[in-house]
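Thank you all for making time this morning. I would like to walk through one structure with you, slowly, for those who have not seen it before.

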Amino acid sequence: MPIKLPSFRPRRDAYPPDLWTKCPSCEEMLFNKQLDKVQRVCPSCGHHFRLSAAARLALLLDHGTFVERDAGLQSVDPLGFVDQKSYPDRLAAAQLATGMRDAAVWGTGTLDGRPVAICVMDFGFMGGSMGAVVGEKVTRAAEYALAQRLPLVVVSASGGARMQEGTLALMQLAKTIGALERLRAGGVPYVSVLSDPTTGGVFASFAVLGDINLAEPNALIGFAGARVSAGTIAQELPAGFQRSEFLFQHGFLDRVVHRSELRGEIATFLGYLVPASRRNGTFADEPEPLGLPSFRPLSFLSNLAERVMPSEADAPTNGSGSHDSAHEPAAASQVSPESGAARRAAVAASLPAVPAHDTPEAAVPDPVEQEPERAPEGTVDADAHDAATPERPQDAERG
Ligand SMILES: [Zn+2]
């Protein structure tokens, strides 16, 4: 009876893969031990092989300074997810293969003598996919960096969100971004290093939010795959549009740095980017809301009314003298001020009272004018009173 051999059996002339690695770029056979000595960069063509988390930490941090934190975090299987294997089986296999509990490691150490909080990802663990554990580690690293005023360094290597955790994996986008925003508000620097590959949910969340975004040469960086991207916009995309160099040329990255210079580059930047100092014995990191202009429904409505009302007031004028264009502006200017104001008052009166937190600034420009009105209602919080006063929208407009 013939024995069926597995199809993936290597050819006889192939080099044993535990000893040799073939460079995918120049096809040179590289001795693994030699490759490890040169930080897994091909000596003949400069191709950057992927690094394990441990090798990455050894590359960046001063020897023996790394202290891992939250090493025990481990994924559970909240969805009971099964594809070809069950999720717990996949996790166990990845843990056996890599010796890690999940695709990210975070901790503290010194980088060229400077203390940092650092989180590194390992593509070898389920494609570096981001589930709840990876998101949590990045978040905790950012929160620790904020609390301790340490620069944060995150090295990404990921295929994206972990599908086995579904929505819980997607939620990590919001969580990590929230933590990084607090870090930004607190004036603590964040250096992001994008290695090959940095795609999907990791690209879409924390990987490109660094104060400085560095990438290794020729790293695959992007959100969706090239075919999906091209299909979505129904256009041919330029060659290499998801590679570091292309992204750098188009202003998306700050530097493309050879691995041998990465540590030195980060150290240089950390020399410039110093965490904001403490203030009055506490941290100067009262988290301001996202640096966006505050959106207040009341001011939005009154602005809208401002735009809509004059044209309605003009309507009769336009109707009577629609051909007399020369007189129209004068007529409009005579009519609109009082009718506009009257209508605004009517609109304002008809608006419901607005919760206090929506219009805290409105009280600032003219606190004195409001004092007499405020007195009778002494029991009400000043802010709440101001917000509930129907005249507020007009005042806000004039101010
Ligand atoms: Zn090569």
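Strand E7, residues 190-199, runs parallel to strand E8, residues 212-215, and four bridges join the two. To place one of these pairings on your screen, look for Leu194, whose bridge partner in E8 is Ala215. I should say early that what we are looking at is a predicted model, so please keep that in mind throughout. On from E8, the pairing continues to strand E10, residues 255-256, which is also parallel to E8 and is joined to it by two bridges. Here the residue to find is Leu214, which stands opposite Arg255 in E10.

Let me move to a helix, H3, which covers residues 87-98. H3 has 12 residues, and the distance from its first C-alpha to its last is 16 Å, close to the 16 Å expected at 1.5 Å a residue. Which residues of H3 are buried? They are Tyr87, Leu91 and Ala94, and because these three cover an arc of only 65° around the axis, they sit on the same side of H3. If you turn the helix to see the face directed away from that buried side, you meet the exposed residues Asp89, Ala92, Ala93, Leu96 and Ala97. Just after H3 comes Gly99, and this glycine takes a positive phi of about 75°.

The next residue I would like you to find is Leu173, which lies in helix H5, residues 166-185. Is Leu173 buried, exposed or partly exposed? Leu173 counts as partly exposed, because it has 17 C-beta neighbours inside 10 Å, whereas 20 or more would be needed to call a residue buried. Setting aside residues up to four places away in sequence, Leu173 touches Gly201, Ala204 and Ser205. There is also a distance to note here, since the C-alpha atoms of Leu173 and Ala161 are separated by 8.8 Å, with the two residues 12 apart along the chain.

Finally, please go back towards the start of the chain, to Trp20, which is placed in strand E1, residues 20-22. Trp20 is partly exposed, because 14 other C-beta atoms lie within 10 Å. Its C-alpha atom is separated by 8.5 Å from that of Lys33, a residue 13 places apart from Trp20 along the chain.

I will stop there, and I am happy to go back to any of these places on the screen.

Methods: Residues numbered from 1 in each chain as written. Predicted model: local features only at pLDDT ≥ 70, side-chain atom pairs only at ≥ 80, totals over all residues. Buried ≥ 20, exposed ≤ 12 C-beta atoms within 10 Å, placed from the backbone. Pairing = 2+ DSSP bridges. Expected span 1.5 Å × (residues − 1). Arc of directions from axis to C-beta. Contact = placed C-beta atoms within 7 Å.
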